[in-house]
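Biologist: I would like a close look at a single part of this model. Please take one helix in detail and then set it beside what else can be said.

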Amino acid sequence: MDHAPWFTEARFGMFVHWGLYSLAARHEWVMNHERIPAAKYRKYFDHFDPDLYDPREWAAAAKAAGMKYVVLTTKHHEGFCLWDTALTEYKAPNTPCGRDLLGPYVEALREAGLKVGFYHSLIDWHHPDFPIDAFHPDRDRPDAGEINKTRDMARYRAYLHGQVRELLSNYGQIDYLFFDFSYPNAGGTVPAGDKFPGKGRKDWGSEELMAMVRELQPGIIVNDRLDIPGDFVTPEQYQPAGAMMSGGREVPWEACQTLNGSWGYDRDNLDYKPADLLVRMLVDGVAKGGNLLLNVGPTARGEIDVRARETLAGMGEWLRVHGRSIYGAGASALVPPQDCRYTRRGNRLYVHLFAWPFEHLHLPGLAGKVAYAQLLGDASEVAMSVLDADQEAGNMTPAGQAPGTLTLKLPIQRPNA
Ligand code: JFZ
């Protein structure tokens, strides 16, 4: 992955889930959760008219949040395409919206100096050749086994490859690709007793698909959900404990997280994570060497809702002041004390305090290693002290304080800066 150092430098990106499920406004898996047949789901297609869509607003919100890249669902599992694909009629230009939505998105990001990412679903609940499986909305139909006899995975595979070719040929340089997802072992049984196999590398033609991606976009990075190793891994709503592997080697990781538990716009779900929690999540990730891809689900009119925008703005305000400890920073080999995280950039070590200590912050192992200490918020000097040899040898030694501890004297009250 060394071919794209921008990615680990960036640390913070925006995920955008947007499609027909934004009209249902109750989770992007609504078609599956409620077993909605394609014919019934069509009403969202017929009413897709995002009159407030302005990707420059999305780019502005991402920038204001301190994000460095954006990843948009070109097609989610429902199968609806945001771009003017030649390979299906199930696309934005054929809805009341009447136009390609991807071109303006790419342009707006480039203009704003943001890296361009595409999410593309391997799963497709609309395509007539995609075999019904354990995750398919039609899986409970008694004739599912019969229907599958007419479905041809090879034809779907050609469609998948053809669409990825379009996406990576018609929109200039694309920096990032997120395929989603493989489940080679997720079997199941239809009511008639037929078996549903899962889907993985053979079904997608993953090796061939990856080779095509690299040929069309030599600089791109690709995640690991094709059921073959990728350039980076995307743990989902899961905070890793440290370094992660793909294909037997350590690769960059990016935790993807929702604001409120749903990826697609979910009108009645008000369980938003507050900005300060998300900042701690970002810090914790960077301290363990990872990125954060934070999701927004724009409304059916194309807007990022006000709650999401406020949360993003709150993170942006923190990053405006503290970004030096995040961008281009990563894990330190030093072990931080309780409720602290270390991030390191070059020879600078940043101590993030998740709980404000009682005036003195004791940092084991740092005695003699720190030339100068300051608060990041206002660059005010922080006094340092180390117990001298007599103290370490004598009664003054606090029980349990490791030799070599550096002590910082902080203001008793946490400053706002
Ligand atoms: C997938 C999607 O199904 C979901 O709607 C959303 O787009 C998310 C970002 O990605 O969800 C997954 C995919 C893979 C796993 C878990 C959730 N997984 O491998 O554990």
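Which residues are exposed on the other side of helix 4, away from its buried ones?

Modeller: This is a predicted model, so what follows describes a prediction. On that side of helix 4, the exposed residues are A39, K40 and D46. The buried residues of helix 4, which spans residues 38-46, are Y41, Y44 and F45. These three lie on the same side of helix 4 because they cover an arc of only 105° around the axis. The general background is that an α-helix has 3.6 residues a turn, so residues three or four places apart point the same way. As for what lies over the buried residues of helix 4, the cover includes helix 2 (21-24) and helix 3 (30-33).

Elsewhere, a helix pair can be described through its contact. Helix 5 (residues 55-65) packs with helix 12 (residues 306-322) at an angle of about 40°, and their axes are 6 Å apart. Angles from 65 to 115 degrees would count as roughly perpendicular and those under 35 as roughly parallel; helix 5 and helix 12 are therefore oblique to each other. Helix 5 contributes A61, A64 and A65 to the contact, and helix 12 contributes R309, L312, A313, M315 and G316. By class, the residues of this contact between helix 5 and helix 12 are six nonpolar, one polar and one charged.

The last part is the ligand. The residues around the ligand are E28, W29, D180, F181, E236, C256 and W263. This shell has four nonpolar and three charged residues, with no polar ones.

Technical notes:
Residues numbered from 1 in each chain as written. Predicted model: local features only at pLDDT ≥ 70, side-chain atom pairs only at ≥ 80, totals over all residues. Axes fitted to C-alpha atoms, helices over the stretch in contact; angles between N-to-C directions. Helix = DSSP H or I, 4+ residues; strand = E, 2+ residues; numbered from the N terminus. Parallel < 35°, antiparallel > 145°, perpendicular 65-115°, else oblique. Contact = placed C-beta atoms within 7 Å. Nonpolar A, V, L, I, M, F, W, Y, C, P; charged D, E, K, R; others polar. Buried ≥ 20, exposed ≤ 12 C-beta atoms within 10 Å, placed from the backbone. Arc of directions from axis to C-beta. Near = placed C-beta within 6 Å.
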